[in-house]
Amino acid sequence: MSVTPDQAEAVTAAADRIGDPPMPLEFWPGNRAPLGASYDGGGTNFALFSGIAERVELCLIDDEGQQTAIPLEEVDGYVWHAYLPSVAPGQHYGFRVHGPFDPPSGHRCDPSKLLLDPYGRAFAGDFAFDQALFSYDMAAGGDFPQTDSLPRVDSLGHTMTSVVINPYFDWATDRPPMTPYNETIIYETHVKGMTQTHPDVPEAHRGTYAGLAHPVVIDHLQALNVTAVELMPVHQFMHDDRLLKMGLRNYWGYNTFGFFAPHSQYAAGRQPGAAVAEFKTMVRSFHEAGIEVILDVVYNHTAEGNHLGPTISFRGIDNAAYYRLVDDDRSRYMDYTGTGNSLNARHPHALQLIMDSLRYWVTEMHVDGFRFDLASTLAREFYDVDRLSAFFDLIQQDPVVSQVKLIAEPWDVGEGGYQVGNFPGLWTEWNGKYRDTVRDYWRGQPETLGEFASRLTGSSDLYESTGRRPGASINFVVAHDGFTLRDLVSYNEKHNEANGDDNSDGESHNRSWNCGVEGPTDDPDIEALRGQQMRNILATLLLSQGTPMIAHGDELGRTQHGNNNAYCQDSELAWMDWSLAETNADLLSFTRGLTQLRKQHPVFRRRRFLQGRPVRHGDEIGDVAWFNPAGREMSSDDWDNGFDKCIMVFLNGEAIREPDMRGQRVVDDSFVLCFNAHEETVGFAVPGEEYAQEWTVEMDTAEPASPMAQPVRAGEEVSVRGRSLLVLRKVR
């Protein structure tokens, strides 16, 4: 929302009124829309949906933590509302909902709980995990009492409060970069972890939105040719009581309760609502640098957890509307996420909350897209995953949300939840099959050659049938969940002892290879091999068709010392170690060179799938061709040889059939990529003169600093070192 001078003056005047002596509260009927607290320059409209409530009170909280309760007497379509002309930005508030407390029937209204606004734009304070947050006798356990014996301990002072915000912001000339998928390089990162130890970011800004937008960080991303940052959850989230008691925290943030609020602890400013303006300033800075902002969003569950969780918002407002309940025991929650509950995407008001949240982050916060955590959960109409569910229908029809980047994590923990390749046409997907195949190929697993070729060329087997293009495949080998790239080549087993669960958490099947020694080693040969394997994986990722995603710190060789589930490690174990930029300068330089190679050559980022045949009448060779090391085109026997780890691919830069954005023909250099996952050096006979007369070495993962300079002529044999990738570029 942009600000005019008159509106700015009204905001200032209203903010000044917060410190004035108390006045009798005046409240008007207000409106049922929009939901939440909406300041318009003169006052604030409050609106809350509850289909089960018998009475709702708006509670205004003063600086001493005392409440003034105002009954919301206007009800329209189960929305309770009022307008208070005296309420301005900075006001703390909450709701108390009176209604049935009958867990076996799915109802959990408890007016002793000050409830957070589901549409709250900002929150303040913290949670005290004591009896006040729970609507059952904690000492007695989870057998729910009758209403007349409900422990009525007031949660005011033990819970966070919602805060009215100033919605006005000077966006100046901000415009979304709108980078096409084929030109996109995604960098997955964490707001706090990215800058918490950065020596060139001011100390007060480290670990914040302001720190992430600091010029030194943006310069680093631009040098990597990054076009989009994918931020791990920034919606307001809760730190689990169990973790806090262990001296840990919910570092990753997949525990949302505020779907409209940027997480307050990532703000450099500590005044209530500061995170909103800081987040907007961060987005504006990224856009000025041509970098999009994508949010990792968690609409599949909330922080209230299972039947033993706290009552902080949705549960006390309308439990059965917001959550999926077990049909034959409505005191329990369906759990497709492994976190205790699942948001009820079948209910119109739960769906409305999701859609309103998405639109808000696009229109008011100017973000450029979303990555949906455990997206299959949102597609469950009943028990099965249904890609024609109401959620997908709404996304398809929405004039705002349908226009931004939509990325699915296409699985959940429920039966039938693995849905890679099955999302609708608007969507792109984290390609888990790409991750697994590339890991298996470079660690030398058998029977992956044909699969490897499919993943390298954009996974048309997964996406073409739904009318999608190679960009629909979000290619990644490493993400926040699992080993870092360095650890992927340094550990065979997870080492999660620091998480406090006896190393029982985290994935046990990592498709990793430690190169001969588990963890740190002084053996120079093993260290050299690990460096080569990291380069192999990065080169494969950035030279594959599709949309590449780099996990933050992999360009520096970041390690978590074998911890593959650092969700609770808000510490140096999980933060970026910026000293590695000097220690591993060669890896950083190599990665920058790779991204530059991709940027300069459209043959590596095709908008359409490769055809394997001539694209114009009269052409003799196609846009892609596959060869064995002897220089012969791959036969069915070659593809079926599960133990063969060598393959050569020709990419024809003169056979790009799709035009550029101005309709002009695209012509590029041609390349040959020689992949050798064997441990020994293998001779590759480059293709004959019909493909090129002469080639030059563009990149060699075995000799990244000084690849051989002599030209390679058609039909000649070139030596490709064991476990390496050689890239040749056509000279003539």
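The legends below describe an overall view and several close-up views of a predicted model.

Residues are numbered from 1 along each chain as its sequence is written, and side-chain values use heavy atoms, with hydrogens and water left out. Because the model is predicted, local features need pLDDT of at least 70 and side-chain atom pairs count only at pLDDT 80 or more, whereas totals for chains, interfaces and linings use all residues.

**Figure 1. Overall view of the protein, with its 17 helices and 31 strands.**
Helices (H or I, at least four residues) and strands (E, at least two) are DSSP runs, numbered from the N terminus. The radius of gyration is 28 Å, close to the 27 Å that the globule rule gives for 732 residues, so the protein is as compact as a globular protein of that length; the radius is taken over C-alpha atoms, and the rule is 2.2 Å times the number of residues to the power 0.38. Along the principal axes, the C-alpha atoms fill a box of roughly 90 × 55 × 50 Å. Of the 732 residues, 60% are buried, where buried means under 20% relative accessible area, exposed over 50%, and partly exposed in between (1.4 Å probe, protein chains only). Among contacts (heavy atoms within 4.5 Å) between residues at least 6 apart in sequence, 73% join residues at least 24 apart. The protein exposes about 27,900 Å², of which carbon and sulfur atoms supply 47%; accessible areas come from the Shrake-Rupley method with a 1.4 Å probe, and for residues only the protein chains shown count as cover.

**Figure 2. Close-up of strand 28 (residues 694-700) and its antiparallel partners, strand 29 and strand 31.**
Of the 7 residues of strand 28, 6 are buried, so this strand is largely enclosed by the rest of the structure. Strand 28 is joined to strand 29 (residues 712-713) by 2 bridges, and Glu694 stands opposite Arg713 in strand 29. The antiparallel pairing of strand 28 with strand 31 (residues 724-730) extends over 5 bridges, with Trp695 opposite Lys730 in strand 31. Two strands are taken to pair if DSSP finds at least two bridges between them.

**Figure 3. Close-up of an open sheet of 5 strands in the order 4-3-7-11-10.**
The pairing in this sheet is antiparallel. Strand 4 (67-71) and strand 10 (123-124) stand at the edges with a single partner strand each, so one side of each is left without a neighbour in the sheet. Within the sheet, strand 7 (residues 92-98) and strand 11 (residues 161-163) pair in the antiparallel sense over 2 bridges, and His92 stands opposite Val163 in strand 11.

**Figure 4. Close-up of helix 7 (residues 314-322) and of the hairpin formed by strand 17 and strand 18.**
Helix 7 is mostly covered, with 9 of its 9 residues buried; among them are Phe314, Arg315, Ile317 and Tyr322. Strand 17 (residues 325-326) and strand 18 (residues 329-333) run antiparallel and are joined by 2 bridges, with 2 residues between the two strands of the hairpin. The bridge partner of Leu325 in strand 18 is Tyr333.

**Figure 5. Close-up of two acidic residues, Asp586 in helix 16 and Asp412 in a loop.**
Asp586, which lies in helix 16 (residues 585-600), is exposed, with a relative accessible area of 55%. From C-alpha to C-alpha, Asp586 and Glu555 are 9.6 Å apart in space, and they are 31 residues apart in sequence. Asp412 is found in the loop between strand 20 (405-408) and strand 21 (428-430), and is buried, with a relative accessible area of 9%. Asp412 and Glu527 are 115 residues apart in sequence and 36 Å apart in space, again from C-alpha to C-alpha.

**Figure 6. Close-up of backbone geometry at Pro34, Ala172 and His561.**
Most residues other than glycine have a negative phi, and most peptide bonds are trans. The peptide bond from Ala33 to Pro34 is cis, with omega near -5°, and Pro34 is found in the loop between helix 1 (5-17) and strand 1 (36-39). Ala172 has a positive phi of about 55° although it is not a glycine; Ala172 lies in the loop between strand 11 and strand 12 (186-189) and counts as exposed at 60% relative accessibility. For His561, phi is near 55°, a positive value in a residue other than glycine, and His561 is found in the loop between strand 23 (547-551) and helix 15 (580-583).
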